[in-house]
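Me: I would like to learn how to read the packing, the enclosed spaces and the unusual backbone of a model. Could you take me through them in turn?

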Amino acid sequence: MRFFKVNAPESVRSTAMKFFKPWYGFLFLGAILFGVLTTLSSCKQEAVEQDVLWYDTPAQVWEEALPLGNGRLGAMVFGDPINERLQLNEDSMWPSDDPKWDEPDGTPEDLQKIRELLIVGENAIADSLFVDKFSRKKVVRSHQTMGDLFVDFDHDNITDYRRQLNLNEALVSVSYRANGHKVTEKVFASHPHQAIVVEFVTQNPKGLNGTVRMSRPADNGHTTATTKVTPDKLLVMDGEVTQYGGFFDSNPDPITKGVKFRTSLKIDHEGGEIIPAPDRLQLKGVQRAIFYLVSNSSYYFEGYKDKNQEQLKALEAAGYSEVLKAHKEDFDTLYSRTRLKLDQGERDSIPTDQRLAAFAEGAGDLGLEALLFHYGRYLLIASSRPNTNPANLQGLWNPHIEAPWNGDYHLNINLQMNYWPANLTQLDELNEPLFDYIDKLVENGKVTAQKNYGCRGSFIPHATDLWAPTWLRAPTAYWGCSLGAGGWLMQHYWEHYKFTQDQEFLKKRAFPAIREVAQFYSDWLIEDPRDGYLVSAPSTSPENRFFNKERDSVATCMGSAMDQQVIAEVFENYAKACQILNIENELLEITKQQKQRLRPGFILGDDGRVLEWDREYEEVEPGHRHMSHLYGFHPGTSITQSETPELFSAVRKTLDYRLENGGAGTGWSRAWLINCSARLLDGAMAQEHIKLLFQKSMYPNLFDAHPPFQIDGNFGYTAGVAEMLLQSHEKETLRLLPALPPNWETGSVKGLKARGDITVDMAWQNNELQSLVLVSSEDKKIKLVYGDHQKDVDLKKDEKMLLEGF
């Protein structure tokens with residue numbers, strides 16, 4: 001292996017990488033490299049390949065429409081040439097909070113009773129009491145659609161139809177001929193101008209003729225919005241989010257108030273005229289129409305109606321060309337940071353839905369696998385920007401008044417999975433909405449921790465919503481009485497620091513939150529009289545159950561594997577943060593001692609599998625979709641082949657057993673398996689689960705199918721691919737191509753990010769690494785691992801290091 005510090009421009013380096021050949025041993029003639037770089041210095045940078053989803057028919061159902069978003073405001077574009085529909089979303093469309101929706105009646109005395117029941121083996125009674133005293137049971141309060149924009153054209157005889165989503169540009173384009181005349185439609189969601197912009201152009205001398213209208217679905221028969229046309233020809237929809245089908249504590253509880261909003265549409269046009277009607281606009285003989293749609297809510301602005309006017313004025317002043325240019329430049333600054341290319345053959349000429357159908361029938365499609373990786377990055381950029389709300393279960397896109405699972409924030413993997421790809425693909429700042437939201441949970445959780453459990457610190461439940469309540473919600477103990485959510489969320493603060501090395505973030509954002517959760521767990525732990533270990537109790541393994549000695553199907557126990565792993569991780573990261581920040585306090589000393597007394601989170605059963613609960617029980621669902629007892633393996637980092645080989649093997653046995661019994665049935669669960677396969681350093685296993693994800697859990701628009709649609713699987717897939725190509729969770733170590741699938745014979749990746757704030761570019765051919773470029777933000781020593789080869793290297797701040805020959 002040889003190392004070269006190069007200062008060649010990016011265009012030279014990216015072109016030069018194509019010519020590198022594998023070199024075995026550690027000899028290389030520097031003059032050859034110098035000559036190659038010199039020769040290539042005049043080469044122009046290649047045009048970036050466009051990542052495109054495209055179709056030859058309009059969307060007939062929502063899961064075929066194409067998503068756009070600027071983090072806050074989004075649309076699903078159907079591309080119908082006769083009855084065009086843009087289903088509209090905004091991330092604050094929620095019914096109101098209610099002060100009566102507060103903590104349940106459970107007390108520390110009730111908690112003690114539950115613990116006593118568990119100690120004597122009365123799990124079923126403990127389950128029931130936990131739900132009765134500490135859960136708000138069934139809750140219906142949902143994120144909702146903002147409504148729909150419809151454009152009804154007088155078109156017929158449609159031919160030459162095509163619609164596409166260009167991920168690089170975040171632009172939907174539709175083209176067709178109506179009666180032989182070409183018509184085009186372009187749609188984008190601008191972050192700089194906070195608007196959805198639509199351009200229609202026709203070559204028909206009679207122009208575009210049709211009707212433009214907006215509406216919002218009723219809420220259980222109640223009107224939720226009204227639409228009018230203003231004197232200056234704005235189409236305006238005013239609404240308020242309600243939930244007449246609301247439930248709280250398993251009782252009907254209609255919510256008649258909520259976030260108020262105004263959506264305003266202005267149409268600029270060339271040729272023809274815009275004719276107003278009371279609640280719609282008519283296009284007559286228009287050659288070109290530009291729609292500027294803005295929407296603001298009372299959640300973000302007290303004067304949300306005035307904000308619309310302000311934004312429309314800014315759009316008008318900029319003009320369409322400048323708005324489109326600013327949009328593309330803004331999106332490109334994020335999207336272009338990472339690039340994956342696989343040798344895919346010529347399949348881009350086939351519509352995406354047909355490629356997906358062929359994949360389901362067994363035809364390989366590496367281009368589609370790469371496209372889905374980029375799609376996950378695209379969707380995160382589109383649904384999570386600084387100063388917005390975090391991406392929810394559906395990201396941003398939701399056509400319902402009552403969404404599946406409320407379209408809320410589930411914290412027993414789903415919200416976390418949404419953000420797995422952020423640091424891995426250099427989208428660090430997209431974590432900001434997540435941290436803003438968790439900070440609210442941490443603050444609110446202090447009340448719940450003290451009131452319900454008599455603990456200091458902060459308690460965070462398994463599910464919550466826009467208003468960040470921290471009381472438990474679930475009608476059953478196995479589904480929602482989970483204690484690990486707070487610790488899991490703290491992992492995101494810690495990992496963000498590890499990737500960025502931002503000590504200011506660690507000091508001001510991460511450490512205060514981790515401290516509060518560590519304090520809660522410190523107070524929560526009790527001694528198990530059976531073995532003297534400290535355990536979490538009552539404790540569950542999210543959404544799974546076991547049979548107790550009476551053959552009852554039960555959930556609670558004395559220290560589930562996941563809780564024990566999560567708490568150990570929180571204590572460890574709290575100690576590390578204290579060391580970095582030179583902090584010494586009583587909580588640090590207590591948690592150090594408690595960590596030594598914790599029952600290990602990884603205990604093996606008689607068959608060599610990792611126990612999911614405190615003892616070796618029979619699972620009710622051996623193929624359960626959650627793999628919570630492997631938290632410390634992934635997304636945690638405590639189990640590795642090099643440091644814990646026995647437990648590493650046990651993880652494989654555990655996953656094999658899950659799969660033999662029907663595991664990974666949902667899209668997000670399959671995505672988790674891809675990540676676990678990568679951590680197992682098994683590229684063939686990862687590829688098998690990629691194939692199954694495409695075959696079983698993918699809608700025509702490449703949205704992940706739970707089913708129904710749930711966006712975490714898209715984000716989990718992108719993170720899994722990154723883990724297949726690069727891993728940095730082992731101490732001061734980078735694993736290169738650790739789980740490269742056998743059929744990914746030739747490819748390259750640019751801009752992956754490793755812990756330690758190191759960016760990584762790689763190229764491979766015939767399944768062998770050809771070249772590697774590393775850039776570190778600071779001087780550091782690391783170990784590179786590629787297959788059986790290892791090498792220690794010194795990285796210098798901001799200097800590119802080119803490596804060849806493994």
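**Core, cavities and backbone**

Reply: The largest nonpolar core has 212 residues, and those with the most contacts inside it are F291 and L725. Such a core is a set of buried Ala, Val, Leu, Ile, Met, Phe, Trp, Tyr and Cys residues joined through side-chain atoms within 4.5 Å, where buried means under 20% relative accessible area, exposed over 50% and partly exposed in between, with a 1.4 Å probe and protein chains only. Helix α8 (residues 366–383) gives the most to this core, with 12 residues; helices are DSSP runs of H or I of at least four residues, and strands are runs of E of at least two, numbered from the N terminus. Apart from this core lies another, of 14 residues, including F188, A195, L234 and L324.

This is a predicted model, in which local features need pLDDT of at least 70 and side-chain atom pairs count only at pLDDT 80 or more, while totals for chains, interfaces and linings use all residues. Residues are numbered from 1 along each chain as its sequence is written, and side-chain values use heavy atoms, with hydrogens and water left out.

Me: How many cavities of 30 Å³ or more does the structure hold, and which residues are closest to the centre of the largest?

Reply: A cavity is a set of points, on a 1 Å grid over the protein atoms alone, where a 1.4 Å probe fits but cannot get out, and its lining residues have an atom within 4 Å of a point. The structure holds five cavities of 30 Å³ or more, and the largest has a volume of about 220 Å³, a volume being the space filled by probe spheres set on grid points that are joined across faces, edges and corners. Of the 16 residues lining this largest cavity, W420, Q491, E495, F499 and R755 are the closest to its centre. The largest share of the lining, four residues, comes from α13.

Me: Where do the cis peptide bonds fall, and is K137, with its positive phi, buried or exposed?

Reply: The bond from A537 to P538 is cis, with omega near -5 degrees, and P538 is found in the loop between β24 (534–535) and β25 (546–547). Another cis bond joins H706 and P707, with omega about -10 degrees, and P707 is in the loop between α19 (683–696) and α20 (712–725). K137, although not a glycine, has a positive phi of about 55 degrees, and K137 counts as buried because its relative accessibility is 18%. N582 likewise has a positive phi of about 55 degrees without being a glycine, but N582 counts as exposed because its relative accessibility is 70%.

Key
1 Å grid on protein atoms, 1.4 Å probe; cavity = no way out; pocket = protein on both sides within 12 Å on 5 of 7 lines; lining within 4 Å.
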